[in-house]
Structure formats: C-alpha cells, structure tokens
Amino acid sequence: MSQKLKNKVAVITGGNSGIGLGAAKLFAQEGAKVVITGRDAETINSAVTEIGNGAMGYVSDVSDMSSFVLLFKEIHATLGKIDVLIVNAGIMLTAPIAEMTEEIFDKVTNINYKGAFFTIKHAVPYLNEGASIVITTSTVSDKAFVEGSAYVASKAAKRALVRVLAAELAPQKIRVNALAPGFIDTPLLTKSGFTQAYKIRWVTFLQVR
Ligand SMILES: NC(=O)c1ccc[n+]([C@@H]2O[C@H](COP(=O)([O-])OP(=O)(O)OC[C@H]3O[C@@H](n4cnc5c(N)ncnc54)[C@H](OP(=O)(O)O)[C@@H]3O)[C@@H](O)[C@H]2O)c1
C-alpha cells in the first residue's frame, strides 16, 4: 500500500460491519489513524483488532443525541483534528406502505437521516481545513425500491444534505460527497430479514433500472 493516508485521522460511523469495516481496513492499510463507531461493543472490539494500525472504537448510537456530547471532543483530545469523516451508519427496514408503522419510519429516519445530520453537525468543529466528509447514500436514493419507502426517503434526504453542505462548507475547504453503493451482500441484508431468494430478486430489480 502507498500509505497515502499516513497519519490522517479518519472517523467511520458504523465501522464495525460491512462497508464501514471494509473502508476502515483499507484506510488503516493506507496509514490512517482510524476511529470506528457502532452500537455493539463486542463487534467494535473485534473490528478494532481486525483493522489494526492502532484503530480505536467507540460505542455510540447515532440516533441518541446525547451520544454526540463527548464523542468528537474525546476523539479530538486523543488524535487531534479529523481529516476524513465517513457518515456510514445505517439500517434498512422495509414494508408495504399500508403496513409501514410509525415505529419503522422513526427507526429508519432517526438512524439514517437524523443520525447522519447530527453526526456532521457535531463533527464539523473538529474537522481540519481541507477535510473530507463522505456520506453513504445508496443507488436507490433516486430510484424506486418497492416496499422501501422509509429507507429510500432517508437516503434521498442524505443526498440532499450532501448538496447543501458541499456548498455551505466549501469556504472552510471541507469537501462533502455522497458514496452511493449498489447492492453489496453485507450483514445489513440479513439483519433486514432478506432471504437469499429476495437478495437475488433485488439485485435483478436494481440492474434493470
Ligand atoms: N449493503 C448494501 O447493499 C448497501 C447499498 C447501499 C447503501 N448501503 C448503506 O451502506 C451503509 C452501511 O451498510 P452495510 O451494508 O455495510 O450494513 P451493515 O453491515 O449492517 O453495517 C451497518 C453499520 O451501521 C451501524 N449502525 C446501525 N445503526 C446504528 C446506530 N443507531 N448508531 C451507530 N451505528 C449504527 C452498525 O453497527 P451496530 O449494529 O453496532 O450499531 C453497522 O456497523 C448503510 O448506510 C447502508 O444503508 C448499503
């Protein structure tokens, strides 16, 4: 590896699984000091070992506003200002609109959109000039995904946030970009109750649109 991120500080929410963990490992291999967050202490600890290069982990629920109070202050006190913030934590819950409950809507919105919004709000004072914010959206943020109304809306909201913040934070030389993955077979899909057959149907659905 080229060590092109040597000594850069990278914070990845949802870094203990799937896409976030993959990014964390790559960042560490490139020399970055990586901090991951998630809700599950056990997988955070095993991920920190897997990532290596002195990675650190914090238990922090992005839908719990009190979890931000000390998080970025502590990261700053330990590692200094942040160079890369990957706003990645997310869940996917699906249901036909008539069966969509307020509980499902709130869970998806609070983690995916409100969580992303307030992660950035609390992190900005601790970002270096020239820092990069990457927000994990999805290819579905501007596509139809049947029974995914709450999820798709949360991803479209994050995409809108990218446009606003890219302009708003430009004077501080902070770049804001969306990372919009297509289908990736991570634990997200199993946690969402997707069967193997449904995964195949979903991939086919996305490919034809
Ligand atoms: N896989 C795909 O096909 C796909 C496609 C497009 C976009 N995405 C997006 O990519 C991102 C990562 O998903 P993934 O596929 O890698 O899924 P994953 O393996 O389930 O990872 C999701 C991560 O988010 C964390 N997380 C969930 N709720 C959280 C909360 N309230 N507070 C803090 N962390 C939380 C999880 O950690 P804990 O469980 O410990 O909280 C986990 O680390 C998500 O935003 C997802 O919407 C995925």
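How exposed is Asn-7, by relative accessibility? In this predicted model, Asn-7 comes out at 48% relative accessibility, and it counts as partly exposed because that value falls between the 20% and 50% cut-offs. Asn-7 sits in the segment before strand E1 (9–13). Its backbone is a bit unusual too: phi is positive, at about 65 degrees, although Asn-7 is not a glycine.

Glu-147 shows a similar backbone feature, with a positive phi of about 75 degrees in a residue that is not a glycine. Glu-147 belongs to the loop that runs between strand E5 (127–136) and H5. With a relative accessibility of 36%, Glu-147 is also classed as partly exposed.

Now for the ligand. The ligand sits in the largest pocket, with 29 residues around it. Coming nearest among these are Asn-16, Ser-17, Arg-39, Thr-186 and Lys-191. Sorted by class, the shell is made up of 13 polar, 11 nonpolar and five charged residues. Three helices each put at least two residues into that shell: H1 (18–29), H5 (149–168) and H6 (187–191). Of the contributions to the shell, the largest share is that of H6, with three residues.

Several N or O atoms of the protein lie within polar-contact distance of ligand oxygen atoms. From Tyr-151, a polar side-chain atom lies 2.7 Å from an oxygen atom of the ligand. Backbone atoms take part as well: a backbone N or O atom of Leu-188 is placed 3.3 Å from a ligand oxygen, and for a polar backbone atom of Gly-182 the distance to an oxygen atom of the ligand is 3.4 Å. As for surface, the ligand taken alone exposes 880 Å², and 97% of that is buried by the protein.

Away from the ligand description, two loop residues have side chains with polar partners. Ser-67 is located in the loop between strand E3 (56–59) and helix H3 (68–79). Its relative accessible area is 18%, so Ser-67 is buried under the 20% cut-off. The Ser-67 side chain has two backbone oxygens within reach: that of Asp-61 at 2.8 Å, and that of Asp-64, which is 2.8 Å from a polar atom of the Ser-67 side chain.

Asn-88 is the other loop residue of this kind, found between E4 and H4. Asn-88 counts as buried, at 11% relative accessibility. Here the partner is a side chain rather than a backbone atom: the side chains of Asn-88 and Thr-136 make a polar contact at 3.0 Å.

The loop between strand E4 (82–87) and helix H4 (102–123) also holds Ile-97. Ile-97 counts as exposed because its relative accessibility of 67% is over the 50% cut-off. Along the chain, Ile-97 and Ala-150 are 53 residues apart, and their C-alpha atoms are separated by 8.8 Å.

Strand E5 offers two residues to look at. Leu-127 is placed in E5 and counts as buried, with a relative accessibility of 5%. Between Leu-127 and Ile-86 there are 12 Å in space, C-alpha to C-alpha, for a separation of 41 residues in sequence. Asn-128 is in strand E5 as well, but at 27% relative accessibility Asn-128 counts as partly exposed. Its C-alpha lies 9.0 Å from that of Lys-173, a residue 45 positions away in sequence.

Last comes Arg-159, a residue of helix H5. The relative accessibility of Arg-159 is 30%, which makes it partly exposed. Arg-159 and Ile-19 are 140 residues apart along the chain, with 18 Å between their C-alpha atoms.

Note on methods
Residues numbered from 1 in each chain as written. Predicted model: local features only at pLDDT ≥ 70, side-chain atom pairs only at ≥ 80, totals over all residues. Heavy atoms only, no water. Near = heavy atom within 4 Å. Polar contact = N/O pair within 3.5 Å; in protein donor to acceptor, adjacent residues only side chain to side chain. Areas by Shrake-Rupley, 256 points an atom, 1.4 Å probe, with all protein chains shown as cover. 1 Å grid on protein atoms, 1.4 Å probe; cavity = no way out; pocket = protein on both sides within 12 Å on 5 of 7 lines; lining within 4 Å. Sits in = over half its atoms within 2 Å of the grid points. Helix = DSSP H or I, 4+ residues; strand = E, 2+ residues; numbered from the N terminus. Nonpolar A, V, L, I, M, F, W, Y, C, P; charged D, E, K, R; others polar. Buried < 20%, exposed > 50% of the residue type's maximum accessible area, 1.4 Å probe, protein only.
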